[in-house]
Amino acid sequence: MIQYARASTAVLMNPNSPAPFDLGEYLRRQSTLIDKALEKQLARYSCESQTVFRALRYAVFSGGKRIRPTLTLAAAEIFGGQAENVLPFACAVELIHASSLIHDDLPALDNDDVRRGIPTAHKVFGEGMALLAGDALLTEAFRVMADAEAVRGLAPEVVLDVIGEVAQAAGVLGLVGGQALDLEAEEKDVDLPMVDMIHVRKTGELILASVRIGARLGGASADDLARLSRYGEYLGLAFQIADDLLDANASVAVAERAESGRTERRKATYPSVVGVVTARERLAELLQLSLQELDYFEVRGQPLAAIARYIVGRAIHLEDERST
Ligand code: GRG
């Protein structure tokens, strides 16, 4: 279980932070690489016109931030890992993420009509087709990682470890299990350890795996892998707390809810269990802890540090704006 120390949101504005790093430029560059690699992976289906192919492309190319594959590339870069070797695995985590979002939006789960500002896959293609597109993306991720071209030049034991790790993060101890706990917690009073467990599984595990597989493929030592694993754990939980805060506050979320006209179910979120102020404090603590793990890597850790600041900053700055 993750331990916290008290910290303030000042960590976002630390005057001793390293020289400015252009995260916007970095994210744009990595997203371009990732999008091209995803296009390449899905190109084999370009002649297929059935609805399921359109549905899966719709879910993959609808404006996601590509944070998970960027984490994979950034972790590999620390150890001199080449993007071309890592990209198929980075694509795989994004395909799993896309798959989980399609399923998450279905009426049986979160019942969302809008995602990324456009209708969800099941609203466009129907529930059955969306379900199948999600299944297709999940299985596609494993095809991509096992592809002969992807694994050429990589040590077989590393490839097997990486595939196993991604499977675990997606499965019943990861996204699937976290979502199941989330579903069971609806309309119930849950305590903080349970919220932590839900968040770590449904969101944290894939973030952690994204970082770890990049480090493994890049050639990290056991000690460095342990450092980045701690960074990934802190960031994974922070990611979902930030998402909770954004969801609770963002005007877009409110508009989307009104647009969908559905009744909100009571969910296990940080703001609902500990309140907004404590949620913000925990977020800031997790950011500080994650950044500490990167100190050792000095300038090589800058992209991962900037990503952590960005994820947390989105939620904390939004809250700051609200309170002024
Ligand atoms: C099919 C593997 C699989 C799982 C099914 C539905 C489900 C079980 C899990 C869903 C878990 C879930 C939706 C967690 C929330 C994760 C989250 C915070 C998503 C938002 O991530 P961003 O901000 O999204 O990276 P973008 O839109 O940028 O891609």
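User: Buried means under 20% relative accessible area, exposed over 50% and partly exposed in between (1.4 Å probe, protein chains only). How many of the 27 residues of α10 are buried?

Analyst: Happy to help! This is a predicted model, where local features need pLDDT of at least 70, side-chain atom pairs count only at pLDDT 80 or more, and totals for chains, interfaces and linings use all residues. Residues are numbered from 1 along each chain as its sequence is written, and side-chain values use heavy atoms, leaving out hydrogens and water. Helix α10 (a DSSP run of H or I, at least four residues) is largely enclosed by the rest of the structure, because the buried residues number 19.

User: On which residue is the kink in α10 centred?

Analyst: Helix α10 spans residues 192-218. Its kink is about 50° (the angle between axes fitted to the seven residues ending at a residue and the seven starting there). The centre is Gly 204.

User: Which residue caps the N-terminal end of α10?

Analyst: At the other end, α10 is followed by Gly 219, with a positive phi near 100°. The N-terminal cap places a side-chain oxygen 3.1 Å from the backbone nitrogen of Met 194. That cap is Asp 191.

User: What percentage of the ligand's accessible area does the protein cover?

Analyst: Polar side-chain atoms lie 2.6 Å from a ligand oxygen for Lys 65, 2.7 Å for Arg 68 and 2.7 Å for His 97. On its own, the ligand has 750 Å² of accessible area (Shrake-Rupley, 1.4 Å probe). The protein covers 92%.

User: Which helix gives the largest share of the shell around the ligand?

Analyst: α4 (83-105), α9 (175-185), α10 and α11 (222-249) each supply at least two shell residues. The largest share is 6 residues, from α4.

Note on methods:
A polar contact is a pair of N or O atoms within 3.5 Å; within protein, one must be able to donate a hydrogen and the other to accept it, and residues adjacent in sequence count only if both atoms are side-chain atoms.
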